[in-house]
Amino acid sequence: MADITEKHVDSHVAEHDDNDHSLDKNKVVATKVLIGDETFNQAMLKEPPQPRNWIAIQLYLISVVGFCCSTSNGFDSSLFGNLLSQKHFKAFFDVSNVGIQAGIVSSMTQIGGVAALPFIGPAIDTFGRRVGMFIGASIIILGVIIQGTVISTGNTGQFMGGRFFMGMGVSIIASAGPCYVVEISHPAYRGIVTGFYNVFWPVGALVASSACRGALSLPGNASWIVPIWLQAMFPGVVFIFAWFLPESPRWLYTNGKQEQAKAFLTKYHGNGNPDSEWVRLQMWEYEAHLELDGADKRWWDYRALFKNRTSRYRLACNCAVSLFGQWAGNGVVSYFLSGVLDTAGITETTMQNNLFVAMNAVQCVVSFTGSMFVDKIGRRPLLIWVNVGCSICWIGVTVAASIIAPEVRAKKAIEDAGGVWDTSLGNKSASGATVAMIYIFQAVYSFGWTPLQALYPVEVLSFEMRAKGMAFSNLFVTCGTLVNQFGFPVALKNIEWKTYIVFMVWCLVQAAIIWYFVPETKNRTLEELDEIFSAKNPRKTSTAKKALNLDEHNNVVGVEDINKGDA
């Protein structure tokens with residue numbers, strides 16, 4: 001039988017001292033085999049959470065304001081893919097939907113995101129998670145105003161500047177949002193709620209594509225300037241409601257407001273009971289793991305990210321998953337779907353916009369469903385198999401696009417010469433197959449990658465690392481997106497469908513790296529992940545099964561290792 005940690009003994013003795021219960025093996029009345037921390041599982045057994053009571057619903061509604069941070073990001077990402085299919089937008093800025101010009105115009109957001117990186121940690125750590133969200137929303141709104149007024153100035157540089165500020169704001173709000181949501185969520189359903197955070201990315205994308213489709217009937221430049229102004233909608237929600245939200249209990253605790261932190265936990269995690277298992281567990285862990293004078297108090301101090309092997313491993317997992325989410329192929333489909341559809345022989349603007357709307361609707365439904373399974377399946381298996389599934393989808397896209405490629409080239413040559421393509425000559429089967437495989441790819445990606453892209457990177461970081469670590473996460477996302485935006489449109493223009501082979505192979509490489517390197521994080525509080533990352537082999541430790549010996553009151557009175565985890 002494994003040794004019982006001090007906190008198990010203290011908790012057990014405090015509750016049962018009067019009845020003289022001992023930790024004798026004879027008192028064991030049940031044994032459960034589980035993966036995860038024993039204290040977390042003891043709290044689950046002794047005090048099952050109530051996810052549908054009014055207090056829990058209040059916490060969900062609070063989280064929705066945080067979700068709007070993701071919606072802001074999704075709206076912008078989808079918006080540009082839609083705008084690149086509109087003739088008035090392309091004519092105003094003299095760009096096409098493929099080639100280096102498309103990459104330059106769309107990449108200004110990422111360049112702004114890089115410029116914001118030094119300010120992410122200070123904004124979120126110094127002033128709190130709520131203020132960080134407010135700052136990001138304010139900068140986005142400024143960027144929208146700069147972009148929207150370009151219609152009266154006709155200044156392309158002004159539009160680029162607006163895109164730059166958009167990138168800065170999105171970078172800050174996309175770091176503050178998941179930090180806030182993951183830190184306020186009840187430990188029992190942190191995975192599902194934080195997974196829902198990124199589900200609101202396709203919600204934003206759906207609103208953007210629907211707005212662009214609806215604006216097609218507007219005359220001239222109004223068809224693209226109206227969707228530009230609508231970018232302020234979701235940041236506006238954050239801008240208004242951020243001040244009415246409770247602050248993260250972890251931020252409160254580390255900033256000398258321990259009583260306020262306990263009050264938050266008592267109300268939202270303990271259902272008003274200060275002696276709740278969940279309140280006692282988390283307050284004990286705050287005291288044991290959160291540093292009151294950590295690097296998060298010094299805006300210039302990034303040493304916490306690199307100070308030891310544990311910190312470096314955490315940061316590596318954060319950055320790898322953030323980058324891999326971009327390089328699975330979804331980013332290029334989001335930004336350059338118009339060009340992808342061109343390779344499938346679908347070039348008519350209205351049809352492309354209809355497909356954008358339908359695809360984003362599919363993403364919303366499938367990603368919501370996937371979020372419900374992040375705890376059942378686990379983060380690690382889901383990350384592995386979603387990459388395998390994406391690779392299979394890219395095989396289908398590659399084959400279908402290669403069949404229709406000669407027809408697409410012939411059509412382009414005729415139209416460039418001023419002729420009219422005879423639609424009766426089109427290979428509708430191959431064209432339909434290409435679109436179908438892109439839809440299937442988006443469904444597979446949305447089921448696994450969409451919920452985990454926000455959840456996994458933020459939860460693997462300790463509190464001291466979280467804000468500055470999310471800045472690094474954004475750096476890797478930005479670098480991955482820049483490679484997509486500069487490389488993909490040029491490759492699509494020069495080698496056409498062969499571009500998809502890169503994603504087909506790379507998704508399998510990502511699956512192998514995740515299998516070897518990335519640990520499981522479910523069934524633990526954020527602070528309990530310290531044990532995983534401090535282990536000699538975090539991956540094996542995270543997947544090890546334990547037999548929990550329970551007494552009649554569901555107290556853990558012994559822990560036995562069943563195996564050592566994945567080989």
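**Exercise 1.** Which residues does T266 touch, not counting residues up to four places away in sequence?

*Solution.* Some ground rules: this is a predicted model, where local features need pLDDT of at least 70, side-chain atom pairs count only at pLDDT 80 or more, and totals for chains, interfaces and linings use all residues. Residues are numbered from 1 along each chain as its sequence is written, and side-chain values use heavy atoms, with hydrogens and water left out.

Step 1: find T266 in helix α13, residues 258-269 (helices are DSSP runs of H or I, at least four residues, numbered from the N terminus).
Step 2: list its contacts (heavy atoms within 4.5 Å): N271, G272, N273, P274 and V279.
Step 3: check the cover. T266 has a relative accessible area of 12%, so it counts as buried (under 20% relative accessible area; exposed is over 50%, partly exposed in between, with a 1.4 Å probe and protein chains only).

**Exercise 2.** Work out how the span of α6 compares with expectation, and how covered this helix is.

*Solution.* Step 1: α6 covers residues 129-148, 20 residues in total.
Step 2: the expected span is 1.5 Å times one less than the number of residues, which gives 28 Å here; the model reaches 29 Å from first C-alpha to last, close to that value.
Step 3: 14 of the 20 residues are buried, so α6 is mostly covered.

**Exercise 3.** Is R539 buried or exposed, and which backbone oxygen lies 2.9 Å from a polar atom of its side chain?

*Solution.* Step 1: place R539 in helix α24, residues 538-543.
Step 2: its relative accessible area is 4%, so R539 is buried.
Step 3: the oxygen belongs to Y516.

Conventions. Helix = DSSP H or I, 4+ residues; strand = E, 2+ residues; numbered from the N terminus. Polar contact = N/O pair within 3.5 Å; in protein donor to acceptor, adjacent residues only side chain to side chain.
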